[in-house]
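Trainee: I'm new to this structure and would like a close look at a single part of it. Could you pick a strand pairing, walk me through it, and then work outwards from there?

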Amino acid sequence: MNTRHLILAPLRGVTLRCFREVFADVLAEVGFTEAVTPFICANPGLDPLKDRELKPSNLPPLRPSNLLLTPQFIGKDPEALRFCLERIKSAGYETADLNCGCPFPMVRNKGRGSGILRTPDVLRRMMEVGCEVMGPGRFSVKTRLGVKRTDELLQLMPLVNEFPLRFLTVHARTAEQMYEGACDTDALRKVQEVAKVPVVPNGDLPLSTLQPSSPPTFQPSALMIGRPFLRYLGGRADIGELLDRYVEASRAELHGERPVLGRLKELLAYWKDLPDWRRRWQIAKMARSLDELKVW
Ligand SMILES: Cc1cc2nc3c(=O)[nH]c(=O)nc-3n(C[C@H](O)[C@H](O)[C@H](O)COP(=O)(O)O)c2cc1C
């Protein structure tokens, strides 16, 4: 991985295929080289190639995308994961990621997402299958510092270090913090110190982290960024035009106005604190039709 490897974080409901296609030029301009898909369920009986993220689309791509696309899976059943990985490999995907970070109690209490951190045997089996099917250096894991404490991942590093992972992305919060509160960069650094695989930092990293003027300690080989990129979009001069395209592409993909409205509101919500959007958001969040939504 080179020093400018910038990965778009998976954000379910936002950084979808349609989003990545409409905003492809901006993603390239900012320097993104890879995107991890929002999670796809690796449950017995589900075919990942039928998921909208990976399903061959009837619609032509809006822009040819140069982003490496890494499908992400969530689950705790190694054989279901094996099936998913074999399917995506057969469709030409060369990398895959395992979600070990989803913080929602409904998910983690069932041992999925960040819940896997509490079942090391399951984590071991999932990493075994991932590295075996995708091959060494082609399977990555995205996780948090822990469920309740910031040293839980650190305790698991001897296990993680046994596997030839492509990288380990660490969102520097606990699951209990959800998406709020400060990231713990000291705890992240402790993980980096013992990791034998590349560690990709994640969590509230400003886009300016990419500038060459940033202190060298903040220049790891790769970074993952999600919400700061979304917030940056809201301040772009061409955002109105981009949003028009997003509406149009979403209408072509979805049935009816309601899901399009829902999708657009998910994105606009990231801009509610920006001066230009504060008032617009108050109107947009109440909109019941696309005409009402068009506040830009
Ligand atoms: C609405 C939303 C959806 C998310 N969906 C996923 C997901 O599908 N898979 C995943 O690994 N992380 C998911 N995340 C976590 C992000 O990928 C990322 O770890 C987190 O937002 C911190 O990074 P950031 O501050 O750069 O956004 C989601 C976060 C949000 C807010």
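Mentor: Sure, let's begin with one pair of residues: I7 has E34 as its bridge partner in β2. Before we go further, keep in mind that this is a predicted model.

That pair belongs to a parallel pairing between strand β1 (residues 5-8) and strand β2 (residues 32-36), held over three bridges. Now stay on E34 and look across to β4, where L68 stands opposite E34. The strands β2 and β4 (residues 68-70) run parallel too, joined by three bridges.

Go back to I7 and look towards β10, and you'll find M224 opposite I7. Here β1 and β10 pair in the parallel sense, over four bridges. So you can follow a little trail from residue to residue: I7 faces E34 in β2, E34 faces L68 in β4, and I7 also faces M224 in β10.

While you're at β10, check where its side chains go. In a regular strand, side chains alternate between the two faces of the sheet. In β10, A222 and M224 point one way while L223 and I225 point the other way, and all of them are buried.

Which strand comes before β10 along the loop that holds D204? That's β9 (199-202), as D204 is found in the loop between β9 and β10 (222-225). The backbone of D204 has a phi near 60°, a positive value in a residue other than glycine. D204 counts as partly exposed, because it has 18 C-beta neighbours inside 10 Å. M178 makes a good companion to look at: its phi is near 55°, again positive in a residue that isn't glycine. You'll find M178 in the loop between β8 (168-174) and α7 (185-194). M178 counts as exposed, because it has 11 C-beta neighbours inside 10 Å.

Next, the ligand. There are 22 residues around it, and A9, R12, P38, G226 and R227 come nearest. By type, the shell around the ligand splits into ten nonpolar, eight polar and four charged residues.

Now let's zoom out to the domains. The domain assignment gives domain 1 (5-234) and domain 2 (239-293). Their C-alpha centres lie 26 Å apart. Where the two meet, 13 residues of domain 1 are in contact with 14 residues of domain 2. On the domain 1 side, the elements that give two or more residues are α1 (17-22) and α8 (227-234). The largest share of that side, five residues, comes from α8. Sorted by type, the domain 1 side has eight nonpolar, two polar and three charged residues.

Let's cross over and look at two residues in domain 2's stretch of the chain. S250 is found in helix α9 (residues 239-253). Is S250 buried or exposed? S250 is buried, because 21 other C-beta atoms lie within 10 Å, and the cut-off for buried is 20 or more. Leaving aside neighbours within four places in sequence, S250 is in contact with C18, V260 and R263. W271 is another story: S250 and W271 are 21 residues apart along the chain, with 20 Å between their C-alpha atoms.

Compare that with L264, which has its place in helix α10 (residues 257-268). L264 and L243 are also 21 residues apart in sequence, yet their C-alpha atoms are 8.4 Å apart in space. L264 has 19 C-beta neighbours inside 10 Å, so it counts as partly exposed. Beyond its neighbours within four places in sequence, L264 is in contact with Y246, V247 and L293.

Finally, here's the whole chain. The secondary structure comes to twelve helices and ten strands. Of the 296 residues, 39% count as buried. Among contacts between residues at least 6 apart in sequence, 72% join residues at least 24 apart. Along the principal axes, the C-alpha atoms fill a box of roughly 55 × 45 × 35 Å. A compact globule with 296 residues would have a radius of gyration near 19 Å, and the chain has 19 Å, so the two agree.

Conventions:
Residues numbered from 1 in each chain as written. Predicted model: local features only at pLDDT ≥ 70, side-chain atom pairs only at ≥ 80, totals over all residues. Buried ≥ 20, exposed ≤ 12 C-beta atoms within 10 Å, placed from the backbone. Contact = placed C-beta atoms within 7 Å. Near = placed C-beta within 6 Å. Nonpolar A, V, L, I, M, F, W, Y, C, P; charged D, E, K, R; others polar. Pairing = 2+ DSSP bridges. Rg over C-alpha atoms; globule rule 2.2 N^0.38 Å. Domains from an automatic or database assignment.
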